[in-house]
Amino acid sequence: DDRIILGVMGRRDGSSSFGIDERYQFFYRGSIAYRLSEDIEINNIDEFKIRASYGTSGPRPPFQAQFETYTPGPTTLTPHVLGNAEIKPSIVAETEIGVDIAFLDRFSATMNYAVSNITNDYLQAPLTSDNPFSSQWQNVGEIQNSTIELGINANLINTKDLQSNFNFSFATVDQKVTDLG
């Protein structure tokens with residue numbers, strides 16, 4: 001009866017940007033929303049929806065992360081970055097909760113709170129001085145993000161000849177590196 005909205009998605013990604021044994025990764029997402037305004041009538045509220053979701057994704061490393069790179073000189077090539085044939089996908093797992101409200105036939109507001117945890121992030125790590133290469137892309141970082149978002153929209157004037165809207169957006173992100181391996 002349009003009260004509960006469910007969403008589920010899964011996908012398998014493959015990329016040659018990853019090591020031979022890490023080429024494929026499964027990502028997924030699930031979400032649920034409850035339209036409270038379908039069960040409870042609240043004066044001047046057109047829509048009141050509470051929602052939550054959890055999902056995963058994964059960015060790719062730089063293409064050159066698997067391969068050795070060299071710096072050309074006048075007469076020679078100098079080793080620069082050591083390739084990493086075992087680089088893995090970085091995994092971003094995010095939980096989000098939010099509220100959507102439409103009221104007085106002309107205003108709407110959206111509020112979100114999200115926490116994401118990134119594991120196996122990419123870092124160009126320095127190598128010891130006995131290695132001819134100066135660094136290597138590695139899966140060593142873990143990062144946590146906390147995000148708060150607020151959006152307000154007002155349809156101030158809506159006639160046949162004139163329309164005027166007002167939009168306000170605010171977001172803040174708190175990011176912490178929780179592990180460097």
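Good morning. Lys49, Arg51, Glu96 and Asp100 are linked in a network of salt bridges, and I shall begin there. Please bear in mind throughout that the structure before you is a predicted model.

As a brief reminder, side chains of opposite charge can pair when their charged atoms come close. One pair within this network is Arg51 and Asp100, whose closest N and O atoms are 2.9 Å apart. Arg51 belongs to strand S3 and Asp100 to strand S6, which covers residues 91-103, so this salt bridge ties together parts that are 49 residues apart in sequence. Are these two residues buried or exposed? Both Arg51 and Asp100 are buried.

How many salt bridges does a search of the whole structure find? The search finds seven. Let me describe two further examples.

In one of them, Glu47 pairs with Arg35, and their closest N and O atoms lie 2.8 Å apart. Because Glu47 sits in strand S3 and Arg35 in strand S2, this bridge ties together parts that are 12 residues apart in sequence. Glu47 has a relative accessible area of 19%, and therefore counts as buried. Arg35, with a relative accessible area of 17%, is buried as well.

In the other example, the side chains of Asp39 and Arg3 meet in a salt bridge, at 2.3 Å from N to O. This pair links distant parts of the chain, 36 residues apart: Asp39 lies in the loop between strand S2 (24-35) and strand S3 (45-57), while Arg3 lies in the segment before strand S1 (4-14). Asp39 is partly exposed, at 41% relative accessibility. Arg3 is also partly exposed, its relative accessible area being 28%.

Let us now step back to the chain as a whole. What does its secondary structure consist of? There are zero helices and nine strands. Read along the sequence, the pattern is therefore β-β-β-β-β-β-β-β-β.

The overall dimensions deserve attention. A compact globule of 181 residues would have a radius of gyration near 16 Å, whereas this protein chain has 24 Å. Along the principal axes, the C-alpha atoms fill a box of roughly 75 × 35 × 30 Å. Of the 181 residues, 28% count as buried. The accessible surface comes to about 11,900 Å², and carbon and sulfur atoms account for 53% of that surface. As for contacts between residues at least 6 apart in sequence, 59% of them join residues at least 24 apart.

I turn next to the interior. Which residues make up the largest nonpolar core? The six residues are Phe18, Ala65, Val81, Ile87, Tyr122 and Trp137. Setting aside residues up to four places away in sequence, Phe18 touches Arg23, Pro59, Arg60, Pro61, Gln66, Ile87, Lys88, Pro89 and Tyr122. Two of these names, Ile87 and Tyr122, may be familiar from the core list.

Strand S7, residues 107-126, offers a useful comparison of two positions. Ser116 is found in this strand, and Leu123 lies in S7 too. Ser116 is buried, with a relative accessible area of 6%. Leu123, by contrast, is partly exposed, at 34% relative accessibility. Beyond its neighbours within four places in sequence, Ser116 is in contact with Val92, Ala93, Glu94, Ile143, Gln144 and Asn145. For Leu123, again not counting residues up to four places away, the residues touched are Gln136, Trp137, Gln138, Val140 and Leu180. One of these, Gln138, is 15 residues from Leu123 in sequence, and the two C-alpha atoms are 5.5 Å apart in space.

Finally, I come to the surface. Ile97, Tyr113, Ile148, Ile152, Leu156, Ile157, Leu162, Phe166, Phe168 and Phe170 form a nonpolar patch there, and together they have about 870 Å² of accessible area. Strand S8 (135-158) and strand S9 (163-179) are the elements that give two or more residues to this patch. Which element gives the largest share? That is S8, with four residues. One member of the patch, Ile157, lies in strand S8. At 34% relative accessibility, Ile157 counts as partly exposed.

To close, I would ask you to keep two features in mind: the chain has nine strands and zero helices, and Lys49, Arg51, Glu96 and Asp100 are joined in a salt-bridge network. Thank you for your attention.

Definitions and conventions:
Residues are numbered from 1 along each chain as its sequence is written. This is a predicted model: local features need pLDDT of at least 70, side-chain atom pairs count only at pLDDT 80 or more; totals for chains, interfaces and linings use all residues. Side-chain values use heavy atoms; hydrogens and water are left out. Patches are made of residues with over 30% relative accessible area and no salt bridge: like charges are joined within 9 Å, nonpolar side chains (Val, Leu, Ile, Met, Phe, Trp, Tyr) within 5 Å. Accessible areas come from the Shrake-Rupley method with a 1.4 Å probe; for residues, only the protein chains shown count as cover. A salt bridge is a side-chain nitrogen of Lys or Arg within 4 Å of a carboxyl oxygen of Asp or Glu. Buried means under 20% relative accessible area, exposed over 50%, partly exposed in between (1.4 Å probe, protein chains only). Contact means heavy atoms within 4.5 Å. The radius of gyration is taken over C-alpha atoms; the globule rule is 2.2 Å times the number of residues to the power 0.38. A nonpolar core is a set of buried Ala, Val, Leu, Ile, Met, Phe, Trp, Tyr and Cys residues joined through side-chain atoms within 4.5 Å.
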